[in-house]
Amino acid sequence: MGMDQKQDVVRLPSERLYREELEALKKIDQDAKPAGWQLSPKAVLTFLTGGNAKGITITPKYIGNKRLVEMAIATLLTDRALMLIGEPGTAKSWLSENLTAAIHGDSGKVIQGTAGTSEEHIRYSWNYAMLLAQGPSDQAIIKSPIFRAMETGGIARFEEISRCASEVQDALISILSEKTISIPELGREVFAARGFSIIATANTRDRGVNEMSAALKRRFNIIVLPSPSDIETEVEIVRKRVREISASYELRASLPEEEAVRKVVTIFRELRSGMTLDGKEKVKGPSGVISTAEAISLLTGSMALAGSFGSGQISEEDIAAGLQGAIVKDEEKDRLVWKEYLENVMKKRGSTWRNLYFACSEMNN
């Protein structure tokens with residue numbers, strides 16, 4: 001199948017999902033392009049925050065503080081690497097992917113940080129069959145995504161860097177300082193081509209993270225991505241992503257009504273902040289992080305339920321099932337927290353919330 005044909009895949013990388021938009025921006029982009037970049041910084045900003053390119057609508061990929069996006073782009077113009085920090089669901093990975101897609105047209109050079117990530121994943125490893133047969137050689141090297149980005153002057157993405165052990169994280173220090181990878185087995189070094197950089201993401205709230213050393217932090221420009229500042233912004237983000245995801249998965253259900261989205265976002269914002277939106281009543285929060293990403297997942301899951309086992313229209317029961325799964329993670333404590341919220345907050349909200357209250361109460365019993 002040709003690259004320009006639509007492939008029947010679950011998820012396309014951003015550079016292919018938004019290929020038409022990127023091509024339209026390339027055609028009208030008259031500003032100077034940094035070494036290795038396919039678009040100018042202003043065109044990258046338009047790709048990320050939305051606009052128009054000769055009749056082609058450029059959809060916003062990041063809805064939030066535009067200045068933060070400008071700072072992220074400006075960082076990648078320098079010799080500094082970029083680190084995006086935030087709670088789960090603040091679009092760190094999404095912004096990282098789309099920045100890389102806009103700048104280099106290849107967002108696929110990714111290291112996924114885990115407790116099992118080793119220094120070899122950051123630098124290089126060996127094809128041991130070839131190594132035993134013919135000794136160290138260029139053919140026997142298995143290059144890491146960072147290695148390949150250095151060779152081509154591209155951007156490597158390091159997702160959830162704080163999930164790696166501290167000593168593994170520190171393998172990046174020399175790479176970011178010297179812009180080289182030493183291969184002592186071959187007696188040579190790989191030097192980074194112009195345009196090379198790294199975008200890392202770090203989650204400061206999740207369990208199982210490792211503290212980053214001060215030396216590593218100094219090699220990054222750190223940008224903290226906040227949770228959506230107000231309910232209108234969060235509702236817009238959730239509606240946009242639910243629409244995109246449901247189209248990708250071809251969910252056979254109608255998109256949720258704005259009132260349903262607003263109710264879910266209201267519940268999540270109140271549980272997240274520990275206070276009702278009107279500021280009149282404190283609420284207890286559950287053990288897990290109630291993020292924007294969870295709200296998106298909840299509503300797409302509700303669409304799947306409605307499309308497969310319901311009328312095709314999301315019901316209060318579908319949403320209640322999603323809320324139960326998103327909020328009640330630690331069985332006993334979270335069940336009590338959710339019950340208290342239902343009785344002290346949702347039950348008192350009047351007729352427009354009554355059906356959802358009954359559905360949630362029944363699910364939580």
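## Helices and cores in a predicted model

Let's start with helix α10, residues 171-178, where A171, L172, I173, I175 and L176 are buried. Right after α10 comes K179, which has a positive phi, near 60°. Keep in mind that this is a predicted model.

L176 turns up again in a core of 33 residues, a second and separate one, together with F158, C164 and F196 among others.

Now for the other core, the largest nonpolar one. It has 37 residues, and the members that touch the most others are I267, F268, L323, W338 and M346. Which elements give two or more residues to this core? They are α12, α13, α14, α15, α16 and α17. Of these, α13 provides the largest share, with seven residues. Here is where the helices sit along the chain:

| Helix | Residues |
|---|---|
| α12 | 231-249 |
| α13 | 258-273 |
| α14 | 292-309 |
| α15 | 316-327 |
| α16 | 331-344 |
| α17 | 351-364 |

W338 is a good residue to click on. Leaving aside residues up to four places away in sequence, W338 touches I267, L271, L323, Q324, I327, V328, M346, C360 and N364. Three of the names in that list, I267, L323 and M346, are also among the core members that touch the most others.

Helix α13 deserves a look of its own, and V264 is a handy place to begin, since V264 lies in this helix. Is V264 buried or exposed? Buried: its relative accessibility is 1%, and the cut-off for buried is under 20%. Again not counting residues up to four places away in sequence, V264 touches A295, L298, L299 and I319. Then there is G322: although V264 and G322 are 58 residues apart along the chain, their C-alpha atoms are separated by 9.7 Å.

How does α13 pack with α12? The angle is about 120°, and the axes are 10 Å apart. The two helices are therefore oblique to each other, and α12 passes α13 in a right-handed crossing. On the α12 side, the contact is made by I231, E232, E234, V235, V238 and R239. From α13 come E258, V261, R262, V265, T266, R269 and R272. And what sort of residues are these? The contact divides into seven charged, five nonpolar and one polar.

Methods. Residues are numbered from 1 along each chain as its sequence is written. This is a predicted model: local features need pLDDT of at least 70, side-chain atom pairs count only at pLDDT 80 or more; totals for chains, interfaces and linings use all residues. Side-chain values use heavy atoms; hydrogens and water are left out. Axes are lines fitted to C-alpha atoms, for helices over the stretch in contact, and angles run from 0 to 180 degrees between N-to-C directions. Helices (H or I, at least four residues) and strands (E, at least two) are DSSP runs, numbered from the N terminus. Angles under 35 degrees count as roughly parallel, over 145 as roughly antiparallel, 65 to 115 as roughly perpendicular and the rest as oblique. A crossing is left-handed if the near helix is turned anticlockwise from the far one by less than a right angle, and right-handed if clockwise. Contact means heavy atoms within 4.5 Å. Ala, Val, Leu, Ile, Met, Phe, Trp, Tyr, Cys and Pro count as nonpolar, Asp, Glu, Lys and Arg as charged, and the others, Gly among them, as polar. A nonpolar core is a set of buried Ala, Val, Leu, Ile, Met, Phe, Trp, Tyr and Cys residues joined through side-chain atoms within 4.5 Å. Buried means under 20% relative accessible area, exposed over 50%, partly exposed in between (1.4 Å probe, protein chains only).
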